[in-house]
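Q: I am new to this structure and would like a close look at a single part of it, the sheet, together with what packs around it. Please take me through it slowly and then place it in the rest of the chain.

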Amino acid sequence: MQPVQAMNPVNSSTLLRVFSHILLPVFVMLATSNCSTSPTKVKATAKPVVAEQQAGNGVDWHPLPNEQANTYLLECKAAYDSAKQQLSQLESAKEFAENLVKADPKPLLHAINQLDITLDTANGKSGLYFNVHPTAEVRQAAELCQTNLTKLLTDYSLSFLLYTRLAAVDTEHLDAVDKRFVVKMLQSFKRGGVALPAAEQKKIRELSDAITQLGMAFSNNMKNDSHKVVVKDKQILAGLPADFIAKLKPNDRGEYELSTDYPIYFPIMQYAKNDQLRKDMYIAFRQRGYPANDQVLKDLLSRRYELAKLLGYENYAQFATDDMMIKTPENAQFFIDKIDQAAKPRANRDYQELLTRLRKIDPKATRVDDWQKTYLDDLVKKDNYQVDSQKVREYFSYGNVEKGIFDLTEHQFGVQIKPWVTDVWHPSVKAFEIWDKGKIIGRFYLDMHPREGKYGHAAKFSVHAGITGVQLPVAALICNFPGANNPAALMQHDEVETYLHEFGHLLHHIFGGQQRWVAQSGTATETDFVEAPSQMLEEWVWDADTLKTFARNAKGEVIPDALIKKLRKSRNFGKGLWTRHQMFYANMALDFYNRDPANIDLTGLMKESQAKYSPFPYVDKTYFYTSFGHLDGYSALYYSYMWSLVIAADMFSEFERDGLRNPNTAQHYREAVLAPGGSKAAADLVSDFLGRPYNFDAFARQLNRH
Ligand SMILES: [Zn+2]
């Protein structure tokens, strides 16, 4: 296979992401991506005159009836006012005049960083509260706060006065980190339209506001969706684990109302024998957000298209890929098709195995349907690989998993995780500190179980970025695992994998959070790289030595070697189908964004992608895209998930060679890839670790492993 770097990788920067946050605000990204990257970095500014116009033009701080919400809103307003004043200073204060900046850029750079800290902190908190606060009025206040902050961010990104001052910096006399900070920020300004005439800038502001609103509407429509499947007879739940059924509470009529929440949906798709129940759940799950989000998404695509045209691009996909490693939509398309072709033979074999298994249930079956896939996959693993996932989950109580992940982190990276005594937003939230060589290096919250009104996926949220000598990095994991009030609750093995994946983002935030500049802190790397460290970390939930440190059943018995062996063997089954399915999503996202969306038929395009990349036919009345948050957060860039998987596989090959639990390799990895955050280009971080440029080989080997 062609090496990945043949795709003409381009160094993009965190600052560009900062700006893309303006255009696709960070919190929205967080709210909608199931494995979030860092939000943070923000830039905002305005010429005083423009700021005044803005003040009369949509910035809204109306008092709220709820006292708690109002107190929070005032706190946000104070941050907003401070940021606005800082921005105004940056644009007009004599101390940042071009001749002084030329002589010594440090005061200007530090003042910009201070503004970034103010905005990052306010944005982090509002993003978190919008998604997790138990009080609905506080969530609304957070939404208002985000809307107002985004307006300021847009002003910042369009500040020609600040841009001119920054352009006066003599980058030749800066060290590599500062130089990157300045160069990337200047690029972001240009990319964001800073040099456009006033009328066009006004339009950019309007579009950015509209995009923010639409992103939040998309997210709200998903969060507040109440699709349910009603089951009248307990018999219909046959096949599901007894502890799952025991937790369900019948309504007054003795029926079971099954929500589409993950802890309900996934076990049903995996275990329920009743084909109709799985089909009903499948349809309900793919009607979340429909029909409202069909229109919201069309509006979002239109605004983004208009924005891209204003900024000089042919369409939004071209704009979005321009500062990624992959560079163009054509390269992304090439990559999608290349991966699809590579996965096809394996996917065909996977499909045949599923069909053969289905024929044991229904001898006349001629095809497998999408709602049967997970169920049959589980049966094949049980029959052909002797892996019974219900037996496997007996070894993964929530409490043991959490401890296991903490222990793994401590072992690999030589750090200690200790409780952090602090206020939390809900009694189930826990807080911790990470210590390294006798010093605290970061803090985090775990909000791990579902509750009403809470973000429904799994993601790392940045509370705020870490800046050396100024503030420690703080992050929060927001997930929806079993185990609320009961650490003995059992998790699926793939939930354990998700936990570790998200924990990987958290470690990246903290290990990479010892930086000079907010714009380079933690996970502020290229969007098409940011998943790689977490994807690589997933490998450890398949490692026998690691599993044996924490996977114990209720009797205290350690997971048997034989079971781990079978689990590992079964892992490769289904990989071909999974990979092609990912390319279906990636192609759909690209298709939505690589055209003029006037009269776009979203369902039609989705069906086309499905027909091309998936052997499972479209199911009537399903609208997967209305709840696919990545269409907002990642826009056209869903391919990036697979792109970073290619890099993750390459990085993992070092651990395979040296031993997965070799702390020297882990430390080297931490120093080369995680610690620099966004202070270097991702391609350089990876080659610093590998001692060579990354390539496609390890991924191809993994895909063909039996
Ligand atoms: Zn992720």
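A: In this predicted model, the sheet is an open one built from 5 strands, which follow one another in the order β3-β4-β5-β7-β6, and the pairing among them is mixed. The two edges are taken by β3 (416–419) and β6 (459–464), and because each of these has a single partner strand, one side of each is left without a neighbour in the sheet. Going from one strand to the next, the twist averages 30°.

Starting from the edge at β3, the pairing of this strand with β4 is antiparallel and runs over 4 bridges. Within that pairing, Pro419 is found opposite Phe432 of β4. On from there, β4 (residues 430–436) is joined to β5 (residues 439–447), again in the antiparallel sense, and here the pairing extends over 7 bridges. Two positions help to fix the register of these strands for the eye: Ile434 stands opposite Gly442 of β5, and Trp435 has Ile440 in β5 as its bridge partner. The turn of this hairpin has 2 residues between the strands, and in it Lys437 adopts a positive phi near 50°.

A helix also belongs to this picture, since α6 (residues 106–132) packs on the sheet, where it touches β5, β6 and β7 (474–478), and the direction of α6 makes about 140° with that of β6. The helix that lies on the sheet has a helical partner as well: the axes of α6 and α7 (residues 136–157) come within 8 Å of each other and cross at roughly 145°, and the crossing of α6 past α7 is left-handed. On the side of α6, the contact is made by Leu119, Ala122, Asn123, Ser126, Gly127, Tyr129 and Phe130, while α7 brings Val138, Arg139, Ala142, Glu143, Cys145, Gln146, Leu149 and Leu153. Sorted by class, the residues of this contact between α6 and α7 comprise 9 nonpolar, 4 polar and 2 charged ones.

Elsewhere in the chain, helix α12 can be followed through its contacts with two other helices. Helix α12 (residues 262–271) packs with α13 (residues 275–285) at an angle of about 140°, their axes being 9 Å apart, and the two helices are therefore oblique to each other. The crossing of α12 and α13 is left-handed, and in it Tyr265, Ile268 and Met269 of α12 meet Leu277, Arg278, Met281 and Phe285 of α13. This contact of α12 with α13 has 6 nonpolar residues and 1 charged residue, with no polar ones.

The axis of α12 also comes within 6 Å of the axis of α17 (residues 370–385), and the two cross at roughly 60°, which makes α12 oblique to α17. Here Met269, Gln270 and Tyr271 of α12 meet Thr374, Tyr375 and Asp378 of α17, so that Met269 appears in the contact with α13 and in the contact with α17. By class, the contact of α12 with α17 divides into 3 nonpolar, 2 polar and 1 charged residues.

Two backbone details in loops are worth finding on the way. The peptide bond that joins Tyr290 and Pro291 is cis, with omega at about 5°, and Pro291 is part of the loop between α13 and α14 (292–310). Further along, Lys327 has a phi near 80°, which is a positive value in a residue other than glycine, and the place of Lys327 is the loop between α15 (316–322) and α16 (329–361).

Finally, a word on the confidence of the prediction itself. The mean pLDDT of the chain is 89, and 92% of the residues reach 70 or more. Over residues 1–57, however, pLDDT stays under 50, and for this stretch the model has 203 contacts beyond four places in sequence.

Technical notes: Residues are numbered from 1 along each chain as its sequence is written. This is a predicted model: local features need pLDDT of at least 70, side-chain atom pairs count only at pLDDT 80 or more; totals for chains, interfaces and linings use all residues. Axes are lines fitted to C-alpha atoms, for helices over the stretch in contact, and angles run from 0 to 180 degrees between N-to-C directions. Angles under 35 degrees count as roughly parallel, over 145 as roughly antiparallel, 65 to 115 as roughly perpendicular and the rest as oblique. A crossing is left-handed if the near helix is turned anticlockwise from the far one by less than a right angle, and right-handed if clockwise. Two residues are in contact if their C-beta atoms, placed from the backbone, lie within 7 Å. Ala, Val, Leu, Ile, Met, Phe, Trp, Tyr, Cys and Pro count as nonpolar, Asp, Glu, Lys and Arg as charged, and the others, Gly among them, as polar. pLDDT is the predictor's confidence in each residue, from 0 to 100. Two strands pair if DSSP finds at least two bridges between them.
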